[in-house]
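Hi everyone, thanks for making time. I'd like to walk you through one model this morning, so please have a look at the screen.

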2 protein chains.
Amino acid sequence: MSLIVQKFGGSSVANAERVMNVARIVTDTYKKGNSVVVVVSAQGDTTDDLIEKANEINPNASKREKDMLLAAGEQISISLLAMAIEKLGYPVVSLLGWQAGFQTSSAYTSARIKRVNTDRIMKELDKKNIVVVAGFQGINRYNDVTTLGRGGSDTSAVAIAAATNADLCQIYTDVEGVYTADPRKVKNARKLDIISYDEMLELATLGAQVLNNRSVEMAKKYNIELEVLSSMTNAPGTIVKEAVKMEKMLVSGVAKDTNVARISVIGVPDVPGLAFKLFSKLASKKINVDIILQSIGRDGTKDILFTVAKENGKEAVKLMEDFIDVVGGKEVNISENVAKISIVGAGMESHSGVATKMFEALYDAQINIQMISTSEIKISVLIDAYDADNAVSAIHSKFFDEN
Amino acid sequence: MSLIVQKFGGSSVANAERVMNVARIVTDTYKKGNSVVVVVSAQGDTTDDLIEKANEINPNASKREKDMLLAAGEQISISLLAMAIEKLGYPVVSLLGWQAGFQTSSAYTSARIKRVNTDRIMKELDKKNIVVVAGFQGINRYNDVTTLGRGGSDTSAVAIAAATNADLCQIYTDVEGVYTADPRKVKNARKLDIISYDEMLELATLGAQVLNNRSVEMAKKYNIELEVLSSMTNAPGTIVKEAVKMEKMLVSGVAKDTNVARISVIGVPDVPGLAFKLFSKLASKKINVDIILQSIGRDGTKDILFTVAKENGKEAVKLMEDFIDVVGGKEVNISENVAKISIVGAGMESHSGVATKMFEALYDAQINIQMISTSEIKISVLIDAYDADNAVSAIHSKFFDEN
């Protein structure tokens with residue numbers, strides 16, 4: 001008799017057959033005596049179709065109207081899933097974001113959940129209804145429809161789990177769980193039975209793309225146990241939970257991120273406060289900087305290299321060019337032909353030699369390292385994009401095949 | 001400086017080009033200094049597409065979930081129209097049924113508007129916004145989404161016009177106004193400049209299909225001046241208003257309705273109260289009866305014939321068969337091969353000979369009359385469906401070509 005939140009992404013409800021499949025998973029859970037809240041994304045291509053319709057009319061439409069348009073996508077998927085559950089003979093009710101109590105900030109297209117008023121959801125659960133909730137959407141204080149941005153449905157699911165004090169939040173995807181590396185690329189990639197929030201956060205940030213980062217942060221904050229699993233198989237997935245009692249693995253996974261641009265600011269004056277001024281410029285435009293490398297000063301000048309997301313590359317170059325016009329400097333370069341490869345593992349903190357092992361794997365594969373960045377539970381290197389898949393395989397087999 | 005409500009049907013917003021066309025009509029009205037509320041239906045085939053999606057999953061889905069699904073259609077069209085208006089550089093805001101204050105009964109798929117709380121609409125108009133409202137939809141007292149059934153967007157528009165005390169309610173369609181007969185079928189059909197609510201009601205009921213009946217009833221009740229006009233041309237349309245100061249035309253129009261089935265209940269006992277019992281049976285199943293004809297009693301029995309909408313035909317036959325099993329009777333027949341032809345005109349009341357003229361036209365065309373029904377402003381005849389178009393042409397030219 002648990003309260004379980006289940007979330008299904010757009011590909012899991014892409015057509016009638018898959019909607020029926022999801023209905024069976026949901027009702028199987030309900031049949032066992034559980035209360036079930038289901039969070040659904042828009043069907044497969046619906047969002048893209050709607051964006052195309054909008055672009056035909058006005059590519060520069062306001063974000064408010066974009067949210068109004070996109071929110072129709074989940075409205076379609078929740079009602080279809082509810083109809084499928086009705087067909088299987090179970091009591092069900094679908095709820096839009098505003099009906100389910102999702103109150104958000106007013107930042108259209110990337111709103112933050114402020115509060116989930118669960119009155120309606122709890123009332124429906126009391127009536128023994130399966131509750132199907134539109135993910136990704138809510139309303140702001142003006143009663144206007146908002147959306148949460150990419151991966152928002154994961155966040156919706158965790159937010160409901162937190163607000164209803166659910167026992168488990170299952171995130172159904174098209175993979176069977178969290179792997180030690182991308183299983184489509186690395187032959188020996190292994191599914192993890194369990195992973196900590198922090199490791200999952202590093203993996204999500206680093207491009208593993210299994211779980212949305214905000215949802216993991218929220219799960220960590222409210223201590224919601226997550227399970228990542230596939231809607232296509234019956235296999236158990238990966239549990240994401242607090243690390244306290246976990247046996248620490250040395251390394252949990254290897255991740256690749258190709259959405260990286262490297263900016264080089266060459267020959268700037270080697271004077272105090274320069275780095276501060278430089279990164280303030282970027283922060284003022286809300287550009288996140290990832291890896292930073294600064295050369296040793298020589299002849300009164302130094303070089304500063306950093307990475308940003310590809311979409312911020314051009315703006316960062318422009319800012320840096322303006323910057324060296326003022327403080328002095330030789331030139332600004334950008335390279336988009338790079339990839340960031342990272343290993344993540346809570347075991348790293350207490351084991352030396354992890355970095356060495358990673359570098360050895362890259363050396364064996366004759367892959368050159370451009371930049372290095374480390375944290376307590378992760379090590380990232382920047383390499384040529386061309387070498388990315390090889391690097392992941394080499395590192396993965398170093399850590400996982402040599403046991 | 002008037003407040004004008006404009007309603008556009010699904011074909012008027014069927015694609016990007018037409019949405020832009022509607023945006024131009026709306027902004028032209030706004031530019032002249034008017035406050036504008038626009039009511040829009042779902043785009044062209046959206047509703048049909050959504051129904052198909054639902055039927056693939058569960059043809060017997062609950063009406064609640066059907067309404068949840070269908071309401072997504074107007075959500076898409078209002079946001080697209082708002083984007084088009086933004087593109088033309090005008091301030092605009094789109095509102096869903098619940099945001100626009102539409103409170104309805106709980107009869108899913110055919111809800112009645114109980115009240116329009118115009119607070120939000122008036123606030124947006126005060127801010128000089130063009131307000132685009134989703135027609136056809138509202139919410140009930142459980143905060144669940146409802147739809148108003150066929151032609152509901154017309155009713156939405158008139159309800160807003162009534163609640164905001166608008167100066168004019170323009171119903172844009174794909175015809176230029178109300179005609180003396182169907183212009184696609186009758187060559188000399190003339191557009192009417194003006195018509196009374198009552199005449200329009202008879203025409204709407206009789207299958208002219210220009211305006212939804214409930215919307216005309218509501219316009220009459222709240223004395224809202226309607227204009228029916230085309231979104232494709234600039235031509236002035238037909239004004240629908242109170243008849244008081246109108247010069248009465250003898251006959252306003254000729255209409256055809258082929259959605260008719262004739263039921264014959266043959267040889268029932270000629271005793272008092274029988275007709276009452278018979279029609280009570282139909283009323284208890286909410287089957288509307290239109291024309292009624294009762295033969296003179298002979299040999300202690302009589303025949304009762306009546307018409308119903310085609311979709312009620314089978315159920316009516318079943319009810320009548322059960323009925324004669326109890327009270328006695330010979331047999332029950334149904335004919336779906338019939339059409340109802342009607343002439344409507346406020347002038348009829350004071351002019352004798354209108355019926356004669358109509359019957360003469362049918363006689364000249366050698367068309368047999370099966371049943372006749374009259375009211376103060378209309379005369380209807382039931383004829384063979386095969387003769388329907390000929391009958392309309394013959395009657396139309398009798399009244400409109402002989403002037």
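I'll start with conventions, then go through the domains, the chain contacts, two sheets and one loop residue.

This is a predicted model, in which local features need pLDDT of at least 70, side-chain atom pairs count only at pLDDT 80 or more, and totals for chains, interfaces and linings use all residues. Residues are numbered from 1 along each chain as its sequence is written, while chains are lettered from A and ligands numbered from 1 in the order in which they are written.

Let's begin with chain A. It is divided into domain 1 (3-174) and domain 2 (261-335), with bounds that come from an automatic or database domain assignment. The C-alpha centres of these two domains of chain A lie 42 Å apart.

Now, where do the chains meet? Here 29 residues of chain B are in contact with 29 residues of chain A; contact means C-beta atoms, placed from the backbone, within 7 Å. On the chain B side, the elements giving two or more residues are α1 (16-31), α2 (46-57) and α3 (63-87). Helices here are DSSP runs of H or I with at least four residues, strands are runs of E with at least two, and both are numbered from the N terminus. The biggest share comes from α3(B), with 15 residues. By class, that side of chain B has 17 nonpolar, seven polar and five charged residues. In this count, Ala, Val, Leu, Ile, Met, Phe, Trp, Tyr, Cys and Pro are nonpolar, Asp, Glu, Lys and Arg are charged, and the others, Gly among them, are polar.

Staying in chain B, there is an open sheet of eight strands, ordered β3-β6-β2-β1-β9-β11-β12-β10, with mixed pairing. Two strands pair if DSSP finds at least two bridges between them. At the edges are β3 (92-95) and β10 (194-196) of chain B, each pairing on one side only.

Follow β12 (238-241) of chain B with me. β10(B) and β12(B) run parallel, joined by three bridges, and B:I195 stands opposite B:V240. β11(B) and β12(B) pair in the antiparallel sense, also over three bridges, with B:V228 opposite B:T238. Which side chains of β12(B) are buried? B:T238 and B:V240 point to one face and are buried, while B:I239 and B:K241 point to the other and are not. Buried means 20 or more other C-beta atoms within 10 Å of a residue's own, exposed means 12 or fewer, and partly exposed is in between, with C-beta atoms placed from the backbone.

Back to chain A for the other sheet: four strands, open, in the order β15-β16-β14-β17, with antiparallel pairing. β15 (292-294) and β17 (331-335) of chain A each have a single partner strand, so one side of each is left without a neighbour in the sheet. Five bridges join β14 (261-269) of chain A to β17(A), and A:S264 stands opposite A:N333.

Last stop, B:A309, in the loop between β16 (301-308) and α9 (313-327) of chain B. Is B:A309 buried or exposed? It counts as partly exposed because it has 15 C-beta neighbours inside 10 Å. Not counting residues up to four places away in sequence, B:A309 touches B:N259 and B:N288. The C-alpha atoms of B:A309 and B:N288 are separated by 7.6 Å, though the residues are 21 apart along the chain.

That's my tour, thanks for listening!

Terms used
Contact = placed C-beta atoms within 7 Å.
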